[in-house]
Amino acid sequence: TSEIDTSFADILSKLNMGLMGDVGAEKGPWSIGVDGLYSVLEDEEELDPVPIGFGPAAVRQGPITLSIPRVNSSVGPTDIDVESTMVIVRVAGGYRLYGRQLGGPDSHRRLDLHAYAGARFWYLKMDFDVKIPPVTIPGFTVGATANLPINGGRPVDLGDATVPSMTIGGMSQSFDDSQWWIDPLIGLRFNADLSDRWSVFGHGDVGGFGIGSAADLTWEAAFLAGYRVSRRWTLGFGYRAMGIDYEGSAVQLDAVQHGPQIGAEFRWGAGLPDS
């Protein structure tokens with residue numbers, strides 16, 4: 001169990017691979033879209049050696065007493081490599097609830113509001129590689145005495161025994177666990193052309209609702225501004241946030257991911273007139 005509050009710079013420094021994008025199609029008031037995110041984060045850590053030891057102690061077995069001195073050693077350093085894979089895919093169909101043309105009769109500017117419903121697929125996997133070197137126990141000397149009804153009642157020295165140094169343990173092992181689930185969702189999205197060049201668009205949805213193996217709650221919100229650089233290309237920038245409250249057999253999540261977003265949009269079909 002871990003509580004994490006990490007910055008974009010920290011995540012970027014651990015990023016092995018990341019992809020994000022979406023594709024959509026519209027015909028009349030109907031639309032369909034697929035939005036996906038794939039990321040692989042890697043990190044490695046070397047934990048400092050942990051001191052261990054035993055003794056001094058006197059071990060009695062019948063009339064025999066063994067005197068064990070203090071023996072010190074350490075475990076480590078321990079190397080831990082962690083790889084986290086996340087896949088999130090949203091598939092949704094939508095219907096235009098409201099649409100109107102902005103500007104004059106020859107304008108291509110529009111204001112549209114769509115409702116959509118669909119599902120969000122989640123897949124999380126964690127891989128751990130743990131390496132612990134063997135532990136060396138140094139040699140030590142054990143003294144032995146016996147309480148016998150001789151020698152005037154004083155303990156009889158049985159001499160010393162030397163225990164040689166030994167090497168035990170050590171580990172190099174991999175562990176992994178994964179979980180996937182599907183959340184139903186409903187949401188709204190909009191787009192508005194502020195001018196021939198500038199536009200704003202965004203979406204928000206909620207889902208999960210604890211149905212079956214789904215999350216208790218999942219939500220997403222994004223708002224972006226776009227600048228049209230050509231008929232088919234628009235550059236966008238904005239902010240995106242996603243939250244989830246989920247408890248599964250292998251994964252428990254109560255998390256919010258959020259941060260700036262930049263990207264580019266390419267339009268197929270009629271698009272907009274050149275200007």
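## Two cis prolines and an unusual phi

In this predicted model, P56 sits in the loop that connects β3 (50-54) with β4, and the peptide bond that joins G55 to P56 is cis, with an omega of about -5°. A cis peptide bond is also found between G76 and P77, where omega is about 5°, and P77 belongs to the loop between β6 and β7. Most peptide bonds are trans, and most residues other than glycine have a negative phi.

That second tendency has an exception at F209, a residue other than glycine whose phi is positive, near 60°. F209 is placed in the loop between β14 (198-208) and β15 (217-228), and with a relative accessibility of 43% it counts as partly exposed.

## The sheet of nine strands

Nine strands make up an open sheet in the order β1-β2-β7-β8-β13-β14-β15-β16-β17, and the pairing is antiparallel. At the edges stand β1 (15-27) and β17 (252-266), and because each has a single partner strand, one side of each is left without a neighbour in the sheet. On average, and with direction ignored, neighbouring strands of this sheet are turned by 15° against each other. Strands of a sheet pair through backbone hydrogen bonds, in either a parallel or an antiparallel way.

Within this order, strand β7 (residues 78-102) and strand β8 (residues 109-132) run antiparallel and are joined by 23 bridges. The two form a hairpin with six residues between them, and in the turn G103 has a positive phi of about 90°. Along the pairing, M86 stands opposite L124 in β8, while R90 has R120 of β8 as its bridge partner. On to the next strand in the order, 22 bridges join β8 to strand β13 (residues 171-193), again with the two running antiparallel, and here K131 stands opposite S172 in β13.

## The sheet of four strands

A further open sheet contains four strands in the order β4-β5-β10-β11, with antiparallel pairing. Its edge strands are β4 (57-61) and β11 (156-163), each of which pairs on one side only. Neighbouring strands of this sheet are turned by 20° against each other on average, direction ignored.

Strand β4 is joined to strand β5 (residues 64-68) by five bridges, and the two run antiparallel; in this pairing, T65 of β5 is the bridge partner of R60. R60 can also be located relative to R154, since the two are 94 residues apart in sequence and 16 Å apart in space, C-alpha to C-alpha. R154 itself lies in the loop between β10 (140-146) and β11, and its relative accessibility of 52% means that R154 counts as exposed, the cut-off being over 50%.

## A buried arginine and its partners

R120 belongs to strand β8, and at a relative accessibility of 1% this arginine counts as buried, a class that requires a value under 20%. The side chain of R120 makes a polar contact with the side chain of D205, at 3.1 Å, and another with the side chain of E220, at 2.6 Å.

A second buried residue is S73, which lies in strand β6 (residues 71-75) and has a relative accessibility of 15%. The side chain of S73 reaches the backbone oxygen of T136 at 2.6 Å.

## The enclosed space

Rolling a probe the size of a water molecule over the atoms shows where empty space is left. When the whole structure is searched, one cavity of 30 Å³ or more is found, and the largest cavity holds about 40 Å³ of space. Its lining is formed by D35, G36, L37, I88, R90, R120, E220, R240 and M242, a list that includes both R120 and E220, the two residues whose side chains make a polar contact at 2.6 Å. R90 and R120, bridge partners in the sheet, are likewise both part of this lining.

The strands β2 (30-47), β7 and β16 (233-247) each contribute at least two of the lining residues, and the largest share, three residues, comes from β2. By character, the lining of the largest cavity divides into three nonpolar residues, one polar residue and five charged residues.

Terms used. Residues numbered from 1 in each chain as written. Predicted model: local features only at pLDDT ≥ 70, side-chain atom pairs only at ≥ 80, totals over all residues. Heavy atoms only, no water. Pairing = 2+ DSSP bridges. Axes fitted to C-alpha atoms, helices over the stretch in contact; angles between N-to-C directions. 1 Å grid on protein atoms, 1.4 Å probe; cavity = no way out; pocket = protein on both sides within 12 Å on 5 of 7 lines; lining within 4 Å. Points joined across faces, edges and corners; volume = space filled by probe spheres on them. Nonpolar A, V, L, I, M, F, W, Y, C, P; charged D, E, K, R; others polar. Buried < 20%, exposed > 50% of the residue type's maximum accessible area, 1.4 Å probe, protein only. Polar contact = N/O pair within 3.5 Å; in protein donor to acceptor, adjacent residues only side chain to side chain.
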